[in-house]
Amino acid sequence: MTTESDNLVANSYGSIAASQSKEYGRVQRQALPIFQHWKPMMELAWPGLVMIESEYLSFEILTIFSTYLGNETEIAIQTVLASVGTLIYQDVFAMGCVISTRVAQHIGSYYHEYTAANTQFQAQSQSQSQSQSQSQFQAHAHNQEEEKLAKQNAIKCIKACYILGLTTGVINCSILIICAKPLARLFTKDQVVIETAALIMPVIALNQLPNSCHVTNASILRGQGRQRICGILNLVAYYCLSLPLSHFFTFSLGWGIKGLWIGCSFGLSFLAVSEMWYVVTTDWNYVLDSFIERLHAEHQ
């Protein structure tokens, strides 16, 4: 037989177990968010990874192509040119990071104003005797104004980015043409390699113009959260245009190392034009709405 004290003790243990279970559930809920909301991140991360890696890998494949020329001098020339191209690319890449951040900042400012406006008008509807529909109408009108302002600021930023990208491309092009031999000497002392690399350097120099345009466009699209477009275009440009044309010019036409970089210029030009088309025809309502949806999904 159980006594009243036994029942009391049992009930106490039961309540403690229940409270511990609730506490454990609360701890689990706090730990589980690390496994949540991966889909929005992966939708942005994977296309960005494809975009960057496909570009770098394509230039490594150009170096592999040069090994089939059967001449150590040709391989050395390609190595020097690839190293110079990587070196001159650093300022363009840094510029692209700045552009992406700045464009994303203007898009993010819309969310800040969007939430602030809704909070403000919700407070007004609770503290004042005005109708709810009027408050919602004013909030909607204010949101439209903030949306318009976010678009205008982002467009102004994009125009400035194109000026910056064009200026950077012209500067890099000039540096490669004027300082061709000094740059080649940074990587080798072989005079034949230096002279031959200097003769091919103008091709890489001219590539800096579409390359800067491509980086500017890709950075804008990345700031808009549209990396998927860049990833697809990169695969088409490098693996359907650049590499096949580079192989054709180098081996079928016998242009040697110069053919590798001429083929590459076709892919860069395709990227510059196609990505610019996507930037110019941007649907800003879609960009802003997608941004709001991603944030709402992360805060659910």
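Reader: Which residues of helix 2 are buried?

Author: In this predicted model, the buried ones are Pro 40, Pro 47, Gly 48, Met 51, Ser 54, Glu 55, Ser 58, Leu 62, Phe 65 and Ser 66. The word "buried" is used for a relative accessible area under 20%.

Reader: How do you know that the length of helix 2 agrees with what a helix should span?

Author: Helix 2 covers residues 38-67, which is 30 residues. At 1.5 Å a residue, these should span 44 Å, and the end C-alpha atoms are 42 Å apart, so the two agree.

Reader: What makes Lys 181 and Glu 195 a salt bridge?

Author: Their closest N and O atoms are 3.2 Å apart. The cut-off is a Lys or Arg side-chain nitrogen within 4 Å of a carboxyl oxygen of Asp or Glu, so the pair of Lys 181 and Glu 195 qualifies. Here's the general idea: side chains of opposite charge can pair when their charged atoms come close.

Reader: What does the pair tie together?

Author: Lys 181 sits in helix 5 (residues 180-185) and Glu 195 in helix 6 (residues 191-223), so parts 14 residues apart in sequence get tied together. A search of the whole structure turns up 1 salt bridge.

Reader: Why is Lys 181 called partly exposed?

Author: Its relative accessibility is 34%. Partly exposed is what lies between buried, under 20%, and exposed, over 50%, so Lys 181 fits that class. Glu 195, at 31%, counts as partly exposed too.

Reader: And what about Pro 182, where is that found?

Author: Pro 182 is in helix 5. With a relative accessible area of 45%, Pro 182 is partly exposed. The C-alpha atoms of Pro 182 and Ala 198 are 8.9 Å apart, with their positions 16 residues apart along the chain.

Reader: Why is Leu 206 called exposed?

Author: Leu 206 has 53% relative accessibility, and exposed means over 50%, so the label fits. Leu 206 belongs to helix 6.

Reader: Which residues make the nonpolar surface patch?

Author: Leu 166, Val 170, Leu 206 and Leu 209 make it, and the patch is about 370 Å². Helix 4 (132-178) and helix 6 each give two or more residues to this patch.

Reader: How many disulfides does a search of the whole structure find?

Author: It finds 0. A disulfide needs two cysteine sulfur atoms within 2.5 Å, so no pair of cysteines here meets that cut-off. As for the cysteines Cys 97 and Cys 240, Cys 97 is partly exposed at 36%, while Cys 240 counts as exposed at 52%.

Notes
Residues are numbered from 1 along each chain as its sequence is written. This is a predicted model: local features need pLDDT of at least 70, side-chain atom pairs count only at pLDDT 80 or more; totals for chains, interfaces and linings use all residues. Side-chain values use heavy atoms; hydrogens and water are left out. Helices (H or I, at least four residues) and strands (E, at least two) are DSSP runs, numbered from the N terminus. Buried means under 20% relative accessible area, exposed over 50%, partly exposed in between (1.4 Å probe, protein chains only). Patches are made of residues with over 30% relative accessible area and no salt bridge: like charges are joined within 9 Å, nonpolar side chains (Val, Leu, Ile, Met, Phe, Trp, Tyr) within 5 Å. Accessible areas come from the Shrake-Rupley method with a 1.4 Å probe; for residues, only the protein chains shown count as cover. The expected span of a helix is 1.5 Å times one less than its number of residues.
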